[in-house]
Amino acid sequence: MISKSFIKVKSSWGHDINNLMLTHSPKSNSVVILFPGGDGSCDAPLLHYARKATLLSGCDVLSLEYGYYRATNTFKPEFLNQTISEVNEAIQICLANGYDNIYFISKSLGTSVAGEISRLIGNNKINNMFLTPTSHTTPYIENSKCVVVTGTNDKLFPKEQIDIIKTCSLVDLHIIENATHSLESDDDYIKSLEILGAVTNLCSKFVSKSTERLSE
C-alpha cells in the first residue's frame, strides 16, 4: 500500500511549502527525492514518470517544491541560497525516517540544488541522476559518481560542458541526439514520447543499479 502525506516547511515568503511524500507499507529502505526545474513542479512529464517508475520499483518518493515559485513564479539567482536552505530542511525531515539508499533525481535548475545538498550531506551517501544539467552543475558532476542525461540541442549545456564531463570516469553519461533542454524533439512528437520512455527506463534502472552497488 502507498500512503500520501506532505512534509511542510516555511518559505522565505512566509507561506507553507507542501512537499509531497509517497511512502510504502511495509516500509521501504530506499527513497527517491525529485528536484524540479525552474518551473518548480514535479508534475512535468519527465519527473512525473520518474516518480511513477521509481515508486513502482519499491522506493518511497519525495517531490520537492520551491518556495519562490508560488511567490514570484520566476527564479532569480539571489533566490538560490534560500531555496537550498528550504529544500535541505525538507530533506532532513524525510531522511529522519531512516533509509539505506538515497537517490536524487534532478532537472535543470534542480541539478544545482541537488548538487549542493549532496555536498552538504556527503557525496558518498547520495546516488545522483542529473537530467539536463546546466553549466553551473558541472563542478558537482565532476565530484560525484552519477548519471547524467543531456541532449545535443540543449543550449544550457553546450558541447564544451559535455566534453568536460566525458573525461570523468565516474560519470555515466547519456547524450540524446537532437534533444532540447526539455529532452524533447521540437518537430517530432513521436520522437519526444520515445525519449520520455527511454529516460523513464533509465530512472528505473538507476534505482536498481544503485541498490545493487550499495549492497556490495
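**Close-up views of a predicted model**

**Figure 1. A cavity with a mostly polar lining.** The residues around the largest cavity of this predicted model divide into two nonpolar, six polar and one charged. Its volume is about 40 Å³, and the structure holds one cavity of 30 Å³ or more. Look for Gly-115, Ser-118, Arg-119, Asn-123, Asn-128, Phe-130, Tyr-140, Asn-143 and Ser-144, which line this cavity. Two elements, helix H4 (109–121) and strand S6 (127–131), give two or more residues each to that lining. Helix H4 makes the largest contribution, with three residues.

**Figure 2. The largest pocket and its surroundings.** Here we turn to the largest pocket, which has a volume of about 340 Å³. Its lining is made up of 19 residues, and those nearest the centre are Ala-44, Pro-45, Leu-46, Lys-107 and Ser-182. Helix H1 (45–56) and helix H7 each supply at least two lining residues. The largest share, four residues, belongs to H7. Sorted by class, the pocket lining has nine nonpolar, seven polar and three charged residues.

**Figure 3. A cis peptide bond before Pro-26.** Zoom in on the link from Ser-25 to Pro-26 and you will find a cis peptide bond, with omega near 5°. Most peptide bonds are trans, so a cis bond merits a close-up. Pro-26 sits in the loop that runs between strand S2 (16–24) and strand S3 (30–35).

**Figure 4. Asn-178, a residue with positive phi.** Although Asn-178 is not a glycine, its phi is positive, at about 65°. Most residues other than glycine have a negative phi. To find Asn-178 in the model, follow the loop between strand S8 (171–176) and helix H7 (189–214). Asn-178 counts as partly exposed because its relative accessibility is 47%, and the partly exposed class lies between the 20% and 50% cut-offs.

**Figure 5. Leu-183, a buried residue with positive phi.** Leu-183 is buried and has a positive phi near 55°, in a residue other than glycine. Like the residue of the previous view, Leu-183 lies in the loop between S8 and H7. With a relative accessibility of 2%, Leu-183 counts as buried, because that class covers values under 20%. Viewed together, the two loop residues make a handy pair: Asn-178 is partly exposed, whereas Leu-183 is buried.

Notes:
Residues are numbered from 1 along each chain as its sequence is written. This is a predicted model: local features need pLDDT of at least 70, side-chain atom pairs count only at pLDDT 80 or more; totals for chains, interfaces and linings use all residues. Side-chain values use heavy atoms; hydrogens and water are left out. On a 1 Å grid over the protein atoms alone, a cavity is a set of points where a 1.4 Å probe fits but cannot get out, and a pocket is an open set with protein on both sides within 12 Å along at least five of seven lines; lining residues have an atom within 4 Å of a point. Grid points are joined across faces, edges and corners, and a volume is the space filled by probe spheres set on the points. Ala, Val, Leu, Ile, Met, Phe, Trp, Tyr, Cys and Pro count as nonpolar, Asp, Glu, Lys and Arg as charged, and the others, Gly among them, as polar. Buried means under 20% relative accessible area, exposed over 50%, partly exposed in between (1.4 Å probe, protein chains only).
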